[in-house]
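Visitor: Take me in for a close look at a single part, please. I'd like to hear about the place where the chains meet.

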Amino acid sequence: MTKATKYLLNTQELSIGYQGKNLVEVVAKNIHIQFQEGELIAVIGVNGSGKSTLIKSLSKIIQPIKGEVFIENININELNEKQLSNLISLVLTKQPISKQLKVHELIALGRHPYTNWIGMLTQEDKRMIQKAIQQVGISELKNKSCDELSDGQFQKVLIARALAQDTPLIILDEPTTHLDMYHKAQVLHLLKSIAASTKKCIVFASHEINLALKMCHQIVLVHEGKIIQGSPEELVQQKVLHQLFPENLIYFDETSKSFSVRV
Amino acid sequence: MKKTLPYLLLSLLLVVSFVTNISLGSVSIPLKDVLLQLVAISSEVEHFNYIITNYRLPKAITAILVGSGLGISGLLMQTLFRNPLAGPYVLGLSSGASLGVALLILGAGMFTSVLGGMIYSSWATVIAASLGSFLVLLLVMLMANKVKDTMSLLIIGLMLASLTSAVVGILAYFSPASNLQTYVFWSFGSLGNLQWNEVGILMASLFAGGLIALACLKNMNALLLGEKYAASLGVNIEKNRKLIILATSLLAGSITAFAGPIAFIGLAVPHIVRQFFKTNNHFVLFPCVILSGAILMLICDIVAQLPGYDFTLPINAITSVFGAPLVIWLLVRKKKMYF
C-alpha cells in the first residue's frame, strides 16, 4: 500500500489491551486495519474477544499499549478533545443519559463542539440537526421525551445525535443489542444507507455476525488475539470464519455465508 | 413572550419577598417607611432608618446570596455526580468548616484562656470555617487527581464528612456545656450576623464562584449524556470536574464560613426548579435556581424571625420544615421525578 491511498482511519503496529502498574494484558497485537470513506464496517468476534477494546482504542477512550492510530493521516494522540470531536462521533451503550431530555435536545447536543460558550444554535446548527432527524427518519419523535421511546427508537435518536456532530467517522458500540430481529436489521440497513449517502465511514462492534456478513463492506474479525480485516467474501475464502465458534455446536455454511446451529 | 414570563414572575416574587422580609421583624415598621427607606435611602423616622440599614438590609441581602449560592452549588454537584441526592456539601465542605469551628470553640475550651477571648469574635469563626473547608477541599482536589472515577470522588467526600464529624463528636464529648452551646448555635446557621463589610466579601466570592459556574454550564449540558459522550463532544472531563469543584467550594465554602452550615436549600432548590420548568438545560436552570434560591431563603427567614416576637428561630430548622414538604408535595403531585 502506498501513502497516496487516503485512509480515513488506519493503524500501524497497534497493540491493544489494558495496562496496570506492573501488569500488561495484551488483548491483540500487530493490528493493521484501514477504513475508507463511505464504508460500513463491522467489528465482529465472540464475547470477550476484544471488540470493545479495539473500538475504545480507535476512539481514544483508552490508550493503546503500542503503535498508533491515524485519522486522515493524523496521529490521534496529537489531537486534543476538541479536534477529535470534529472527527469521531460515538454511539455507546449503557451510558447514564438523562432520559428527561427531549429528543431534539439530545440531538442538539451533537452540535456541542461547534456552538459558542452559551451553546447557542446557529442557523447552520439547526439545519444540521434537522438533516440528522430526517436521515434517521424520526421526525415524529422530535418533541417526545427520551423516556417515552422504545429501545429501537432511542437507538435511532443516538445515531441522529452522532450524525448531527457531522464527523467523517462514526463509531458505534453494539448498536443492535436489546433490539429484536427486525429492528436489528433496520438499524444496520439505516447505517448502510447513511454510509452510502453521506460518504461517512461507519464502524460498529456487533454480535450480529450473520447480518454483518450480509450487509457490510468490510469485516474486522477479532479472534484469539488476532485481528483480520477483509470483505465478507475474502474472509469466507480465507476460511477464517470456520474456527470462530466450536464446530461441534455452531458451523459456518459457505453457500449461505452464515452460521448455523447443529441440531 | 412565553419564555420570558417565568423569569418575570420569579423576579417579581423576589422583589415582593425582599420587601416583605425587610418590613417584618421584632420592631414593626410600616410598609410606607420601608419603601421610602429602600427608594430614597432615608426614612422620616430616625431609628427605622438605623434598623433597616444596619440590620434588616444586610440580613435580607445575605439571605439572597445564601439562597442563590447554595442552589447553584447544589445544581453543580447534582449534575457532576449525575445523582439527585447530591448537594453542596457532598464533598465534605460543611464538615470541614464544622471541624474548623469546632476546633476553635470546643478546642479552645479544652486548652482554656489562650484562644478564649477570640471565640466570640465573628471573624475568628469565619477564618476557622474557611480554613476547615479549604483543607477539606485541598484533600478532595488531591484525590480528584488520583481517582479517575467521578463516583469514587462522591464516596470519598462522604467518607471525609463522616471522618470530620467523628472528630467533632469527640471534641464535643470532652467540652464544657457552655462551649458546646456556642458551637450548636453556630451549627444552626444564621443570616443576621453579618456586617456590611462581611456581606461585601461574601458577595465577591460568590460572584467569582458564580462566574466559574457560568463558564461550566455548556459542558454541564454535555454531561447529561454521561462522561464518555461528553468527552467525545470535546469536553475535557478532568478540567471541567476541577472547575465545578472549585466553583462549588467558593460558593458553598464562603456561605458556610459566614452563615454556618445551612442545610437543605442546596439540595432542594434545583429539584423544585426542575419540577416546575421541566427541563435539564442548565442555561434555563441557572437563572431560575438563582432566583428561586433567593426567594426561598427570604421566605424561610421571614418565618424564622417570627414577626412580632423578640427572638428568632434557627434558620436551619426552618429551611427543612418549610422546604421538605414542598419537595415531597411536588414529587407526589407530579408522580415522576424530573432529573
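Guide: One term up front: a salt bridge is a side-chain nitrogen of Lys or Arg within 4 Å of a carboxyl oxygen of Asp or Glu. This is a predicted model, so local features need pLDDT of at least 70 and side-chain atom pairs 80 or more, while totals for chains, interfaces and linings use all residues. Residues count from 1 along each chain, chains are lettered from A in the order written, and side-chain values use heavy atoms, without hydrogens or water.

Now to the meeting place. On chain A, 30 residues are in contact (heavy atoms within 4.5 Å) with 24 residues of chain B. Together the two chains bury about 2,300 Å² (accessible area lost on being put together, 1.4 Å probe, summed over both), and carbon and sulfur atoms account for 58% of it. Look for Gln100(A), His112(A) and Trp117(A): they supply 28% of what chain A buries against chain B, more than any other three residues.

As for polar links, 10 residue pairs, both at pLDDT 80 or more, are in polar contact across the two chains (N or O atoms within 3.5 Å, one able to donate a hydrogen and the other to accept it). Four elements of chain A each put at least two residues on the side touching chain B: helix 2 (81-85), strand 7 (88-91), helix 3 (103-108) and helix 5 (151-164). That side of chain A breaks down into 14 nonpolar, 10 polar and 6 charged residues.

And salt bridges? Between chain A and chain B the count is 0, although the whole structure has 9 over all chains. One to pull up is Arg111(A) with Asp125(A), whose side chains meet at 2.8 Å, N to O. Those partners sit 14 residues apart and link distant parts of the chain: Arg111(A) lies in the loop between helix 3 and helix 4 (123-136) of chain A, and Asp125(A) in helix 4.

Terms used
Polar contact = N/O pair within 3.5 Å; in protein donor to acceptor, adjacent residues only side chain to side chain. Nonpolar A, V, L, I, M, F, W, Y, C, P; charged D, E, K, R; others polar.
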